[in-house]
Amino acid sequence: MEYTAETLYERLSNILSKSDELKELGLRPIVGEAASAEAAPYILLENRGGIPLKYVTTIYKYSWEIFIKLRNLNSEFEKEDISSLDNCMKCLLVINPECYSAWNLRKRLIQEEKINPDEDLLFLELLFTFPQHNKSYTSWHHRKWVIELISARTSRPPSLKKEIDICSRVGELYPKNYNAWVHRQWILKYTDSMEALLEELERVKSWNNSHISDHSGFHHREQVLLRICQQLGILKSVGGISRMNLLQKSDSVSQSISVTNADLVDQKWLLELWLSEFQYIKELLTRYPQHETLWYHLRFCYFHWRSIKFEEVYIDEQSSTDNWPSLRSEEDFVERIIQLNSHDSDLVTYPLAYKLYILELHRQDTQQIMVALSKHARYTNYYAAQQ
C-alpha cells in the first residue's frame, strides 16, 4: 500500500505529538505491519516506534514545505500554529537532527514561552534513542541551552542522575560518543557535592572496565578526579597539558597548586585516592598492555601526582608504601610489562613511550630510550625524528 506525503506527515506528527509517551524511536529498513491501522506505515509497539526508511525523503520534503509556510507567519503565530509548527519541527529533526533552522526557531519559541522547555528535553531524550542521531552536536548543544535556560528561570538545578543516565545509555548505543561525554562533563558543574563526584567516579569505573580502549571514558574519569582536587581547593581550575608544552608547563606550575592547600584529613584521603588510581590503572595495563588509552591515563596520573606535589609532602611515607609512584617505581613497572610481553615487539612501544614521558618530566637523559623507541615505533617517525 502506498501513502501520500500528507498522510505520512500527519501520522508521524500525531505520533510525535505524544513523544513524552515514547521510549524509543528509530529508522527501519523495511515497512512492517503496524499495531494500529491509524499509525501505518509506522511501527508502534510497547511505546517504541519505527519510521520506514523508504519514506524518509518524502516526509522530510513535505515537512520542510510546511515549516517554511508556518515560519513565514513570523510573530503572528496562533495557538494552533504553534502546535502545528512544533510537530512539524519534530518531524524534521527526527530525520535530520542537524536542521539548524528548526532548532533556532525552537529556541525562539521557548524563549517566548510558546513551547515548554521541559517537554523539549523529553523530545531530545527520544531523539537520542536514534543510534544515527545521538552523535549530533547540534542536538546536544540545544539540550545544554535548554537546561541553562530552565536553571536561569527557575533556579532549579538539572537532575544530575537523569543527565548521566542519558549519557550512559547513549554511550552504549554509540560508543566513543564525544558529544555525550562532553555533556556528561559539563553537567558536573551543577554539583558541589563530593559524594556525587565520588559516585560518578565509581560509575564511570564500570564503563572503563568494559570499554578499555575508549579514550572519552577515561578522559571523563580524569576530569572527575581533577574536579575532586578543585573541590578540595588544591586546583583553581580543571585543565590539561599536552606533550608539546609538557616541559614548559611543568616548569610553570603555580606554587599555589599543592596538596597542602587542603586540610590534613583531606590530604590523607586524597593521597589514598590517587594511590588507588595508580593501582587500578596498572592492574588494567598488566592485563591489557596493548591499549594506548590506558597508557595515556597512567601519564595523567603521574603528571598530576607530581604537580600536586604528593612526593614532596609525604617523603616519610614513601618507604612504608608499596609501589609508591616515583621515577624508579615507574621504570620498574615499564620493565616488568616489557618482560611480560617480550614475545611481541609491537607491545613494547607503549611502555617505552611512557618511560620517555617520565624521563622528560624528571629532566633525565632520554637518548637511550629514544634509540630504543626508534627501533620499535614502526608506524610513526616521531621518535626517530627527535634523535
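**Exercise 1. Determine how much space lies in the largest cavity of this predicted model, and describe its lining.**

Solution. About 30 Å³ of space lies in the largest cavity. The search of the whole structure returns one cavity of 30 Å³ or more.

Step 1: list the lining. The residues that line the largest cavity are Leu12, Ile15, Leu25, Tyr42, Ile43, Leu44, Gly49, Gly50 and Ile51.

Step 2: assign the lining to elements. Two or more lining residues are given by each of helix H1 (5–16), strand S2 (43–45) and strand S3 (48–52). The largest share, three residues, is that of S3.

Step 3: classify the lining by residue type. Seven of the residues are nonpolar and two are polar, while no charged residue takes part. Gly counts as polar in this classification.

**Exercise 2. State how many disulfides the structure holds, and examine cysteine 88 and cysteine 99.**

Solution. The structure holds zero disulfides.

Step 1: recall the criterion. A disulfide requires a pair of cysteine sulfur atoms within 2.5 Å.

Step 2: apply the criterion to cysteine 88. The closest cysteine sulfur to that of cysteine 88 belongs to cysteine 91 and lies 6.5 Å away, which is too far for a bond.

Step 3: apply the criterion to cysteine 99. Here the closest cysteine sulfur is in cysteine 88, at 9.0 Å, again too far for a bond.

Step 4: consider the surroundings. Residues under 20% relative accessible area count as buried. Cysteine 88 is therefore buried, at 0% relative accessibility, and cysteine 99 is buried at 5%.

**Exercise 3. For glutamate 113, establish the sign of phi, the location in the fold, and whether the residue is buried or exposed.**

Solution. Step 1: recall the general expectation. Most residues other than glycine have a negative phi.

Step 2: read the angle. Phi of glutamate 113 is positive, near 60°, and the residue is not a glycine.

Step 3: locate the residue. Glutamate 113 belongs to the loop between helix H4 (100–111) and helix H5 (117–127).

Step 4: assess accessibility. The cut-off for an exposed residue is over 50%. With a relative accessible area of 63%, glutamate 113 is therefore exposed.

**Exercise 4. Carry out the analysis for serine 155.**

Solution. Step 1: read the angle. Serine 155, although not a glycine, has a positive phi of about 60°.

Step 2: locate the residue. Serine 155 sits in the loop between helix H6 (137–154) and helix H7 (160–173).

Step 3: assess accessibility. Serine 155 counts as exposed because its relative accessibility is 64%.

Definitions and conventions
Residues are numbered from 1 along each chain as its sequence is written. This is a predicted model: local features need pLDDT of at least 70, side-chain atom pairs count only at pLDDT 80 or more; totals for chains, interfaces and linings use all residues. Side-chain values use heavy atoms; hydrogens and water are left out. On a 1 Å grid over the protein atoms alone, a cavity is a set of points where a 1.4 Å probe fits but cannot get out, and a pocket is an open set with protein on both sides within 12 Å along at least five of seven lines; lining residues have an atom within 4 Å of a point. Grid points are joined across faces, edges and corners, and a volume is the space filled by probe spheres set on the points. Helices (H or I, at least four residues) and strands (E, at least two) are DSSP runs, numbered from the N terminus. Buried means under 20% relative accessible area, exposed over 50%, partly exposed in between (1.4 Å probe, protein chains only).
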